[in-house]
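Let's take a walk through this one together, beginning with a bit of vocabulary and then heading for the ligand. Keep the viewer open as you read.

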Amino acid sequence: THQWRGIIEEYRDRLPVSDTTPVVTLREGGTPLVPAQVLSERTGCEVHLKVEGANPTGSFKDRGMTMAISKAKEEGAKAVICASTGNTSASAAAYGVRAGMVSAVLVPQGKIALGKMGQALVHGAKILQVDGNFDDCLTLARELSENYPVALVNSVNPVRIEGQKTAAFEIVDMLGDAPDIHVLPVGNAGNITAYWKGYREYAGDGIATRTPRMWGFQASGSAPIVRGEVVKDPSTIATAIRIGNPASWSLALAARDESGGAIDEVTDREILRAYRLLAAQEGVFVEPASAASVAGLLKAAEQGKVDPGQRIVCTVTGNGLKDPDWAVAGAPQPVTVPVDAATAAERLGLA
Ligand code: F0G
């Protein structure tokens, strides 16, 4: 009878909700913190994976969306809108259903993974494919929310960040203190902002004795924060983080600098290598963007930037099923056999 109640009920006293806020939840959060044996061996550290693909719609966005949709409902909104590289729209679509609201989503045409598109469609969102990139979608979503009766639920909405900070709480609650380093992928930079806020709050209240260094990784073709300038035509196979002008840019810099951390880049090749390692050696199937955190950790370790003996948490942000094309591509085709045990045993190398 005791199941996780979702992040609002579990962390109610740390979130901007009141007794009268309607709680729109799919019982998000409470995700696994999985010890990563191979990554630990490679780095000489104690590495854990915060598996956010285990959320109800398969990504960390649900933490922010339960807050954003609950607050929008409290304020009487009938419709919500977001720009998205896919996961935010999937989450907004699902939570919109729970709230009885219309979800409008703007996605870059041809640049979101099929699974995410399927989620928005099956939940009945109103989808527009925009002839532009994510940054264009966000500009359009902002304009629409300013001029029409529709609430913006992108992470520029501060209650999104409030919801997402709960992942840091869960990690400290689980480990007994903050890790030495926290690693995560960076796209629009909301999540690194949220984790840093969560860690600071727990340290400020004495629940953790310290805060971690925040390490963020962008994809090389979409690395405006690393370059120090807007990327006009961002590219990467990790479509979730194909963003050239992050909304929370300055907050990401603050997280980096206040924590003594770093924001660096990883190539698509490095992302895919980490993606395959996670699946084939840790048993954790993530979407490519999520593997940017692990790719970054491995790159830093190879560069001698990771002192052994530290406790490190990598957030893996989304489920591998969202974007299975990369799992299938380049993998050997399965062999077809007749209904015959001897042949099957032979092909499986058992005989
Ligand atoms: N990983 C995944 C799987 C994502 O979907 C995103 C962002 C990120 C990492 C980066 O997080 O933007 O907070 O720095 N996805 C947004 C979306 C942009 O529309 O779903 P961030």
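A residue counts as buried when its relative accessible area is under 20%, as exposed when that area is over 50%, and as partly exposed in between. With that cut-off in hand, try Thr 315: its relative accessibility is 0%, so Thr 315 is buried. You'll find Thr 315 in strand β10, which covers residues 311-316. Gly 296 sits 19 residues away from Thr 315 along the chain, and the two C-alpha atoms are 11 Å apart. One thing to keep in mind as we go: this is a predicted model.

Now for the ligand. Where does the ligand sit? Its place is the largest cavity. The shell around the ligand has 20 residues, and those coming nearest are Ser 84, Gly 187, Asn 188, Ala 189 and Thr 317. Sorted by type, the shell splits into 11 polar residues, seven nonpolar ones and two charged ones. Two helices are worth picking out here: α4 (87-99) and α9 (190-204) each contribute at least two residues to that shell.

If you like counting contacts, there are a few to look up. On the nitrogen side, a polar atom in the side chain of Lys 61 is 3.0 Å from a nitrogen atom of the ligand. On the oxygen side, the backbone gets involved: a polar backbone atom of Gly 187 is 2.8 Å from an oxygen atom of the ligand, and a backbone N or O atom of Gly 190 lies 3.1 Å from a ligand oxygen atom. How much of the ligand does the protein bury? On its own the ligand would expose 470 Å², and the protein buries 99% of that.

Let's stay with Ala 189 for a moment, since we've just met it among the residues that come nearest to the ligand. Ala 189 belongs to the loop between β7 (181-185) and α9. Its backbone is worth a look: Ala 189 isn't a glycine, yet its phi is positive, at about 75°. Is Ala 189 buried or exposed? Its relative accessibility is 3%, so Ala 189 counts as buried.

Arg 27 makes a handy companion. Arg 27 also has a positive phi without being a glycine, in this case about 65°. You'll find Arg 27 in the loop between α1 (7-10) and β1 (33-35). The relative accessibility of Arg 27 is 38%, so this residue counts as partly exposed.

Back to helix α4, where Asn 87 is located. The side chain of Asn 87 makes a polar contact of 2.8 Å with the side chain of Lys 322. Asn 87 has a relative accessibility of 6%, so it falls in the buried class.

Two more stops. Cys 137 is part of helix α6, residues 134-147, and its relative accessible area of 0% is why Cys 137 counts as buried. Measure across from there to Leu 184 in your viewer: the pair is 47 residues apart in sequence, with 24 Å between the C-alpha atoms.

The last stop is Thr 239, in the loop between α10 (224-227) and α11 (249-259). Buried or exposed? The relative accessible area of Thr 239 is 15%, so Thr 239 is buried. From Thr 239 to Asp 323 you cover 84 residues in sequence, while the C-alpha atoms are 9.5 Å apart in space.

Conventions:
Residues are numbered from 1 along each chain as its sequence is written. This is a predicted model: local features need pLDDT of at least 70, side-chain atom pairs count only at pLDDT 80 or more; totals for chains, interfaces and linings use all residues. Side-chain values use heavy atoms; hydrogens and water are left out. A residue is near a molecule or strand if one of its heavy atoms lies within 4 Å of it. A polar contact is a pair of N or O atoms within 3.5 Å; within protein, one must be able to donate a hydrogen and the other to accept it, and residues adjacent in sequence count only if both atoms are side-chain atoms. Accessible areas come from the Shrake-Rupley method with a 1.4 Å probe; for residues, only the protein chains shown count as cover. On a 1 Å grid over the protein atoms alone, a cavity is a set of points where a 1.4 Å probe fits but cannot get out, and a pocket is an open set with protein on both sides within 12 Å along at least five of seven lines; lining residues have an atom within 4 Å of a point. A molecule sits in a cavity or pocket if more than half of its atoms lie within 2 Å of its grid points. Helices (H or I, at least four residues) and strands (E, at least two) are DSSP runs, numbered from the N terminus. Ala, Val, Leu, Ile, Met, Phe, Trp, Tyr, Cys and Pro count as nonpolar, Asp, Glu, Lys and Arg as charged, and the others, Gly among them, as polar. Buried means under 20% relative accessible area, exposed over 50%, partly exposed in between (1.4 Å probe, protein chains only).
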